[in-house]
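Please take a moment to look over the sequence and the model before reading on. The paragraphs below are meant to be read with both in view.

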Amino acid sequence: MRRYGKNPDEDDIRVRPNRKGNRPRTHIRPKHEDAAEGMVLTVDRGRLTCLVEDRVIHAMKARELGRKAAVVGDRVAIVGDLSGKKDTLARIVRIEGRTSVLRRTADDDDPYERVVVANADQLAIVTALADPEPRPRMIDRCLVAAFDGGLTPLLVLTKSDLAPPDKLLELYGDLDIPYVVTNREELASGGAADRVRAELAGKVTAFVGHSGVGKTTLVNALVPPERRRTVGHVNAVTGRGRHTTTSALALPLPDDEGWVVDTPGVRSFGLHHVDPSRVIHAFPDLEPGTENCPRACSHDEPDCALDAWVAEGHADPARLYSLRRLLATRERHEGD
């Protein structure tokens, strides 16, 4: 057998042909500068439904993205068949930077962070005033997740025909959070839906709430059935429809006035991922007072500078109480 040295540059060297006809692997990733821009509408077992211009298409994530996952609301770059025809499948090759992220963990001891929605402008926290009873700790946790992720919170209180909203609203008056109160009769007549829709105009709004609070009824009132069918979730593999509340789904409001992201009902809202130092950004009247806080201050300890800041009259004491109540939700379960 003939042996060659380190530099075998002879003409008689044989090169084994590539029987598969594919190109050798390379670490150089294509830039895909001609990729189309799209928005992820829903995700189902590795298949993503996206909107590209006015077409709803199905796509899968390119292997070159590695373990990076796209979620509902993500702006993505897509290549391949973008016709939207049946049985076609495109490829997501890039996930653009996110302006906001709504995240949660299963509970406070779970280190696994789940990204629910990306690039939403606000978080609508849907809570029933009765049947089931309101859970203020759950609301607090959603508020912390909104402030941490860069979303503006909105309280949507349902079933006002069963109980008045005054007592619950009093808990959040010092936070200056916008709210809308609804009931079934007003939803049926369209009046309540119009009031909610006015708060959603021109925005991407994620809806969260636990089961039974009327979130799906509200979303159905906001988004006509024909628009739900247009963007409706269809399994890209089987072609069969799935219940839309089993996974997050982005739906367009009439007249392109905004987007509603319907999320599955949640039993808990873990905050293991939240850095308490970021929650203070939602309190611009208190944030300057943290300059003299000790390093890694929890803002709820004897040496916290916020006590002196409030005592000097720079902010309302009720605002500091609200901040500390929200921060304390990381140490309590939402059912407490």
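What follows goes from the whole chain to one pair of helices and then to some loops.

This is a predicted model, in which local features need pLDDT of at least 70 and side-chain atom pairs count only at pLDDT 80 or more, whereas totals for chains, interfaces and linings use all residues. Residues are numbered from 1 along each chain as its sequence is written, and side-chain values use heavy atoms, with hydrogens and water left out.

The chain has nine helices and 13 strands, where helices (H or I, at least four residues) and strands (E, at least two) are DSSP runs numbered from the N terminus. Of the 336 residues in the chain, 47% are buried; here buried means under 20% relative accessible area, exposed means over 50%, and partly exposed lies in between, with a 1.4 Å probe and protein chains only. Contact means heavy atoms within 4.5 Å, and among the contacts between residues at least 6 apart in sequence, 65% join residues at least 24 apart.

Helix H4, residues 191-200, is a good place to look in detail. Its buried residues are Ala192, Ala193, Val196, Arg197 and Leu200. Seen down the axis of H4, these residues fall within an arc of 130°, so they line one face of the helix; the arc is that of the directions from the helix axis to the C-beta atoms. H4 is followed by Gly202, whose phi is positive, near 75°.

How does H4 pack against helix H5, at what angle and how far apart are their axes? The angle between H4 and H5 (residues 215-222) is about 80°, and their axes are 10 Å apart, the axes being lines fitted to C-alpha atoms, for helices over the stretch in contact, with angles running from 0 to 180 degrees between N-to-C directions. The two helices H4 and H5 are therefore roughly perpendicular to each other, because angles of 65 to 115 degrees are given that name, while those under 35 count as roughly parallel, those over 145 as roughly antiparallel and the rest as oblique. On the H4 side, Ala193, Val196, Arg197 and Leu200 meet Leu218, Ala221 and Leu222 of H5. The residues of this contact divide into six nonpolar, no polar and one charged, where Ala, Val, Leu, Ile, Met, Phe, Trp, Tyr, Cys and Pro count as nonpolar, Asp, Glu, Lys and Arg as charged, and the others, Gly among them, as polar.

Some loop residues are buried as well. Thr182 is found in the loop between strand E10 (179-181) and helix H3 (184-189), and at 0% relative accessibility it counts as buried. Leaving aside residues up to four places away in sequence, Thr182 touches several others, including Ala192 and Val196. Gly289, in the loop between helix H7 (276-279) and helix H8 (306-311), is buried at 4% relative accessibility, and beyond residues up to four places away in sequence Gly289 touches Ala305, Leu306 and Trp309.

Finally, consider the backbone. Most residues other than glycine have a negative phi, and most peptide bonds are trans. Asp131, in the loop between E8 and H1, has a positive phi of about 50° although it is not a glycine, and a cis peptide bond with omega of about 5° joins Asp131 to Pro132. Asp131 is exposed, with a relative accessible area of 56%. Ala296, in the loop between H7 and H8, has a positive phi of about 60° and counts as exposed at 76% relative accessibility.
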